[in-house]
Number of protein chains: 2
Amino acid sequence: MAFKFQINNDLKFNHRLDLLKKADENRPEIHRQTITGQALVKLTDDVTKLEGIGLEQEGTMADLASRKLSRDGKVIIDFGRHVVGRFKIHIEHTGSPMDAPLAVKFRFAEMPNELAHQASEYDGWLSKAWIQEETLHLDSLPVDLELPRRYSFRYVEIDVIDSSPKWQAVFSNPTAVAQSAVTTPTVAAPKLDDPVLQRIYQVGLNTLHDCMQDVFEDGPKRDRRLWLGDLRLQALANYATYDNRALVKRCLYLFGAMTTTDGRISANVFTNQDYIPDDTFMYDYSLFFISTLDDLEKQGEDREILEDLYPIAKKQWAYTQRYIAADGRVKADEDYPVFVDWSNEFDKTACGQAITIYALRQLIDLAKRMGDAEVTKYQEQLAKLEDYAKGLFDAKRGFFVSGPDREVNIASQVWMVLAHVLDDDANQALMKKTVEQLFPVRGIATPYMYHHVTEALFEAGLHDEAIKLMKTYWGKMCQLGADTYWEAFEPEKPAFSPYGSPIVNSYCHAWSCTPVYLLKKYGQH
Amino acid sequence: MAFKFQINNDLKFNHRLDLLKKADENRPEIHRQTITGQALVKLTDDVTKLEGIGLEQEGTMADLASRKLSRDGKVIIDFGRHVVGRFKIHIEHTGSPMDAPLAVKFRFAEMPNELAHQASEYDGWLSKAWIQEETLHLDSLPVDLELPRRYSFRYVEIDVIDSSPKWQAVFSNPTAVAQSAVTTPTVAAPKLDDPVLQRIYQVGLNTLHDCMQDVFEDGPKRDRRLWLGDLRLQALANYATYDNRALVKRCLYLFGAMTTTDGRISANVFTNQDYIPDDTFMYDYSLFFISTLDDLEKQGEDREILEDLYPIAKKQWAYTQRYIAADGRVKADEDYPVFVDWSNEFDKTACGQAITIYALRQLIDLAKRMGDAEVTKYQEQLAKLEDYAKGLFDAKRGFFVSGPDREVNIASQVWMVLAHVLDDDANQALMKKTVEQLFPVRGIATPYMYHHVTEALFEAGLHDEAIKLMKTYWGKMCQLGADTYWEAFEPEKPAFSPYGSPIVNSYCHAWSCTPVYLLKKYGQH
């Protein structure tokens, strides 16, 4: 995910070694699988695919070793599936003795359209360092080359910058060593007769699989970080499939161990070397620590983590108090923004109200499990928050309104439904009206927000509308060529990149994997 | 060196293991020396320097660690001397946690002007793979980075492609580990009162030092190969300075061990992995196997290598017979070209005649050392070759003429003088006339040819003219900023690159180091 950068260099963080130790105890074993290249392909014009770029097979893998590549010689290898892992290839030379090094660039792409863009053209605000390519100079051949970094890819373009006029490079045996914390789902897939839904489910499963690494990563190509908002959805998708609870516990312990000294939980933590909480904070993400802990407990009570982390969850709630007025109104604060979605084109005040209620319900559940006497206080505050929220419902317009301009937007209705501020009938009526009057969704590029819209439809009993939205959103990604779901997708602008170029887009991004959860929970109508 | 590529894939080579074993026995120990960065510099406009590009100090090394570099941040480190070796640097980050890899490019330059050119602009015929730069993606910092390849450089440009908007890269402790087969000269330097000559000598010594590696390399930046024509000059320069005879013997054994099955000696051999003779052959370079062996013996008889390699030298001569007519005329052959110089703008027939005589004199010396009865036959053939050569002297014009058009060129006079076809007085007269009528030298870009012109002046007793030429040629390189002498330099076109861009020029090239030999042998008048 991405938004305005926060820089808070002066923060102090706790580092609870007892909790970090438990995070380590729940560290997953990484499973590795060797995948061989499947075909040689070339880019083609194809209006049905993302950015109008499709693929065509131009050779078998056996043909690769007969290609003699010299200056500007290129070939694209298709591994047939999305892979997170290392890349290996054998390189020899043919012709006269090697009178120069081999200079070769490897470009890794999750989607074909990435290969139609050059790194040199990218000047977006996101770091160029994420562009998945390596240029190597090899002084001697043959070599069994194994690149030392991890990439996220289905396609590898080999681009020979130069050999010499006297010899050519010959590549063979391209291999990917795919890695994940999980192998096979342990929870049965939902019975889906519709092949479109079957595909939607499978691509979601691939996405989750490839994001489950040493932690739940947001995207294995880019960021590669544990974000709380993404974790909440990944955990739900995980319970419905691989059901690796240890990995969820590991991630919760990481967040819980490294709060700020004033009690806040970072929106994300870095884990690729030392464990480091980021200096970025979001109101809703912090509250989802409570939600994620409660969701875990609902899978089957785990007393140890509950006792370890409930105090942290409580502190998070305590910190939130400064944003809740006596009358139950949640006050927005620029320095502790409510994320909801990338778009800043809609007012998020009502969403903040609803998410606070959503999280408090789960805190109350945790408090009951803990036998915490403060549960009464929480219930009293919940009533105030709900009362205030109900006041945001404009009976005349039939929608919740948000902010000083009393704006009506989809997100507000969705989160009010998910927070169950109204009763079930009213929720259904609200979502019907939302579909009738506010659909189609416009200006939303995140599967994260689409997830909540879809879930609200299901929660409101509008199964067919939910399935329809799922097909037009995740189904559309499948049509456009997705093997895994994307960080960003705006159906009305399929080629939209929040970064100015798809070369830094993440086409396997955790917060988009939720069809596996939605179809499991609601799909078998 | 460079010229038209020969490709001869169907050749068969001998691999005499007994001789290769001796090549290995003479393998040098590589000495390493740690050099620290000296200053931070920036490019400036300076019409007195090569390509009009000079340098200005912009900081001390202590300043480096205070530079915080993010996207497009650059700094140039000056190591204060030319170095062949590895590069190391410490890299940290400052600011928020590392939310992206560091993408950084290192560019290595022997001369400042190289840094004014970009690899992307180069489209010459020589392999782009020689361009000394590396782009790395570092997923975690801090790191003590040591690049695994060897470079030839004085300057290192650090070019941060990107960090992220939240943090910057900090570099410190740049270090070069310089390597050479030799350390300190063991032969006393000539006494030179003239500071210009002192500088000319020192730069030649640097050049030789940096080209003496596992073999005598032609250029440590590019090619990095053992060429016979370069070896002959390097060996002479070496006897006058470091006097590492084992390295000469190693190289002679390598050439001698891997002749073609029909007796030819390759113009060069590859040694960076297996020992591989190149499929390139040049008439004069092959004959210089004889010269180089004889030059070694003249330093002090070495019976073992003489007995090992004299038979190879003889075979080379035997192969040459097909190019020598009964009347002593040397016949040119396109497939076995006489190199003499890069330029193909002058006729090389007379040079071929002279070089054949030059080499045969040395074969006769070897034959006498060996007590070979064939010496008489060689002497008879020498007389014929000389007679034919004398016939090329056009008494009316006062010059040797070359080829069917009876062309008069400098190279012909030079090589006829070096071959001592005329007596000493006639040689002096010839070189005087050459200076008067054919100077200044034009259209010659190789120090290799300038060496022979200068040596011919010395051999003809024209000491002042030789010193003058040395100052206008090697001295001019010094003025333009050379720390080591260049592969190519045409004084009338200082920025000339045979490759279309200085980015692949070799600015430390063995065949240019000979001032150390010329000044030692002839300089103390």
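Which residues in helix 10 of chain B meet helix 11 of chain B? They are I410(B), Q413(B) and V417(B), and across from them in helix 11 of chain B sit N427(B), L430(B), M431(B), T434(B) and L438(B). Contact here means that the C-beta atoms of two residues, placed from the backbone, lie within 7 Å. By class, this contact has five nonpolar, three polar and no charged residues. For the classes, Ala, Val, Leu, Ile, Met, Phe, Trp, Tyr, Cys and Pro count as nonpolar, Asp, Glu, Lys and Arg as charged, and the others, Gly among them, as polar.

A quick word on the model before going on. It is a predicted one, where local features need pLDDT of at least 70, side-chain atom pairs count only at pLDDT 80 or more, and totals for chains, interfaces and linings use all residues. Residues are numbered from 1 along each chain as its sequence is written, while chains are lettered from A and ligands numbered from 1 in the order in which they are written.

Back to the helix pair. Helix 10 (residues 410-418) and helix 11 (residues 424-438) of chain B pack at an angle of about 160 degrees, and their axes are 10 Å apart. That makes the two helices of chain B roughly antiparallel (angles over 145 degrees count as such, under 35 as roughly parallel, 65 to 115 as roughly perpendicular and the rest as oblique). Axes are lines fitted to C-alpha atoms, for helices over the stretch in contact, and angles run from 0 to 180 degrees between N-to-C directions. Helices (H or I, at least four residues) and strands (E, at least two) are DSSP runs, numbered from the N terminus.

Now for where the chains touch. In this model, 34 residues of chain A are in contact with 33 residues of chain B. On the chain A side, strand 5 (102-109), strand 6 (133-138) and strand 8 (151-162) each supply at least two residues. Strand 6 of chain A gives the largest share, three residues. By class, that side of chain A has 15 nonpolar, 10 polar and nine charged residues.

Chain A also holds an open sheet of three strands in the order 10-11-12, with antiparallel pairing. Strand 10 (226-227) and strand 12 (276-277) of chain A are at the edges with a single partner strand each, so one side of each has no neighbour in the sheet. Two bridges join strand 11 (residues 268-270) of chain A to strand 12 of chain A, and DSSP must find at least two bridges for strands to pair. F270(A) stands opposite I276(A) in strand 12 of chain A.

A few backbone spots are worth a look too. Most residues other than glycine have a negative phi, and most peptide bonds are trans. Here are two residues with a positive phi:

| Residue | Phi | Loop |
|---|---|---|
| V340(A) | near 60 degrees | between helix 7 (303-320) and helix 8 (349-370) of chain A |
| D243(B) | near 50 degrees | between helix 4 (228-239) and helix 5 (245-257) of chain B |

V340(A) counts as buried, with 27 C-beta neighbours inside 10 Å, whereas D243(B), with 14, counts as partly exposed. A residue is buried if 20 or more other C-beta atoms lie within 10 Å of its own, exposed if 12 or fewer, and partly exposed in between.

The peptide bond from F439(A) to P440(A) is cis, with omega near -5 degrees. In chain B, a cis peptide bond joins F439(B) and P440(B), with omega about -5 degrees.
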